[in-house]
Amino acid sequence: MGSLWHGFADMGAVERDGAFVVARGEGAYIWDEAGNRYLDATAGLWFTNVGHGRREIADAVAAQISEIAHYSNFGDLASPVLRDLAERLAAIAPVPGSKIMFTSGGSDGIDTAAKIARRYWFEQGKPDKTLIVGRQKAYHGMHVAGTSLAGIPVNREGYTGEFMPDARTVAWDDAASLSALIAEVGADRIAAFFAEPIIGAGGVYLPPEGYLTEVRRICRENDILFVADEVVTGFGRIGGSWFASSRFDLQPDLMTTAKGLTSGYVPMGAVFVAPRVAEPFFAGGVWFRHGYTYGGHAAAAAAAMANLDIMEREHLLDASKNLESLLHEHFSPLAAHPRVSEVRSGLGAVAAVQLADPAEALPMVKTLRAHGISTRAAGQGALQISPAFVIAEDQIKDMAAGFARALDA
């Protein structure tokens, strides 16, 4: 028996069947320990936007570590590369003048945003605005706040008591359900509404036409902070823009990011805080007693800078926009397969093949490996597709054909 405890796993099954060990990667491909090659349909876990094996990022990290690997950024401490990265991110922020707080990843970012939101209202003299609202099907990481406000009840099963009592969920696709909650509890009780522009791990659900604009309007009119969870959609995954918040002009009060910030080469996240929300914390006299030892890690910041260089130099935002249409073109025909109930695609560099029988999803993941494709199950019976932006159209065709063969099998 091995010592490694995998995340999101039935460890008895892993012990019985063995692990799928990924040994290396290059571009849109990965290889297992035996040397078998697979098209990486998920870009790791939504994150390897620039593709695997980028020596430029490795060299940037090595150079930074040779100078100083990391130092705390609590209090008045900072590193040059982190300061530069903050300015670079502020320059592409959906809301001009945003401040950037760094974290170790997306789950950290959600907890950070929830705490900033509640503390903001306290500083505004409205301490009763504590309720945090999310959506059904939504995933917001696995820290206490994210587990509580997300709309995946199975992730809360088996624990005694409530993680965070001041958390509620509303329908994922109906803005009127948010209005109904506001009418029920009062806007003076709600601190923030969290929304993934595209629901990711919950099954890859695209927002209904006009939904994001409408919930943004509702939040603005009721003085509720709007938090865009762009851990998945940020840094190009939305297709053609750095952020979904920019593409849809959402002007979020807070925005959480991670994954594509470094393309997963080193763990890192960043919370974007609009000037309105940052103002009381920057006015002087307010100590926000929050932060992470490795938030803003210098080597991670160096990886992020190199990653952004690649994104810009190789025009990968344009590539992600092209990928949006290519995935739709090549995967949507699978909806006609008797094992498939629908294919969700057409917005962002993402797609999902929804199986008619959700119980087939996990076995289908292993069947797809036999056809040279690595993917994962998401939500209730969906197969995730979110490849690196560097993938070629021929590789997308091969991937779709592999899905068809696996479904036939």
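The C-alpha centres of domain 1 and domain 2 lie 26 Å apart. That is in a predicted model, so please keep that in mind throughout. Domain 1 covers 56-314, and domain 2 covers 315-385. The two do touch. On the domain 1 side, 23 residues are in contact with 19 residues of domain 2.

Let's go to helix pairs. I'll take three of them.

Start with α3 and α11. Helix α3 is residues 55-67, and helix α11 is residues 298-313. Their axes come within 8 Å and cross at roughly 150 degrees. That makes α3 roughly antiparallel to α11, since angles over 145 degrees count that way. The crossing of this pair, α3 and α11, is right-handed. Which residues of α3 meet α11? They are E56, I57, A60, V61, Q64 and I65. Facing them in α11 are A298, A299, A302, A303, A306, N307, D309, I310 and R313. Sort the contact of α3 with α11 by class and you get 10 nonpolar, 2 polar and 3 charged residues.

Next pair: α7 and α8. Helix α7 spans residues 175-185, and helix α8 spans residues 211-221. Here the axes come within 9 Å, with a crossing angle of roughly 15 degrees. Are α7 and α8 roughly parallel or antiparallel? Roughly parallel, because the angle is under 35 degrees. The crossing of α7 and α8 is right-handed. From α7, the contact uses A175, L178, S179 and I182. From α8, it uses Y211, E214, V215, I218 and C219. By class, the contact of α7 with α8 has 7 nonpolar residues, 1 polar and 1 charged.

Third pair: α13 and α14. Helix α13 is residues 361-370, and helix α14 is residues 393-408. The axes come within 9 Å and cross at roughly 120 degrees. So α13 and α14 are oblique to each other. Again, look at the hand: α13 passes α14 in a right-handed crossing. The α13 side of the contact is M364, T367 and L368. The α14 side is G402, F403, A406 and L407. What classes of residue make up the contact of α13 with α14? There are 5 nonpolar, 2 polar and no charged.

Keep α14 in view, and move to a sheet. α14 lies across β11, β12 (351-355) and β15. It runs at about 165 degrees to β15. The sheet itself is open, with 4 strands in the order β11-β12-β15-β14. Pairing in this sheet is antiparallel. At the edges stand β11 (340-345) and β14 (377-378). Each has a single partner strand, so one side of each is left without a neighbour in the sheet. Now zoom in on the β14 end. Strand β15 is residues 382-385, and 2 bridges join β14 to it. These two strands, β14 and β15, run antiparallel. For a residue to click on, take A378: it stands opposite A382 in β15.

One more sheet. This one is also listed as open, with 4 strands, in the order β1-β2-β3-β13. Pairing here is mixed. Which strands are at the edges? They are β1 (22-26) and β13 (373-374), and each pairs on one side only.

Let's look at the β1 end. β1 pairs with strand β2, residues 29-32, in the antiparallel sense. That pairing has 4 bridges. Two partners to find on screen: G25 bridges to I30 in β2, and E26 bridges to Y29 in β2. β1 and β2 form a hairpin, with 2 residues between them. What stands out about G27 in the turn? It has a positive phi, about 60 degrees.

Quick recap on the helices. α3 and α11 are roughly antiparallel. α7 and α8 are roughly parallel. α13 and α14 are oblique. As for the sheets, one is antiparallel in its pairing, and the other is mixed.

Technical notes. Residues are numbered from 1 along each chain as its sequence is written. This is a predicted model: local features need pLDDT of at least 70, side-chain atom pairs count only at pLDDT 80 or more; totals for chains, interfaces and linings use all residues. Side-chain values use heavy atoms; hydrogens and water are left out. Axes are lines fitted to C-alpha atoms, for helices over the stretch in contact, and angles run from 0 to 180 degrees between N-to-C directions. Angles under 35 degrees count as roughly parallel, over 145 as roughly antiparallel, 65 to 115 as roughly perpendicular and the rest as oblique. A crossing is left-handed if the near helix is turned anticlockwise from the far one by less than a right angle, and right-handed if clockwise. Contact means heavy atoms within 4.5 Å. Ala, Val, Leu, Ile, Met, Phe, Trp, Tyr, Cys and Pro count as nonpolar, Asp, Glu, Lys and Arg as charged, and the others, Gly among them, as polar. Two strands pair if DSSP finds at least two bridges between them. Domain bounds come from an automatic or database domain assignment.
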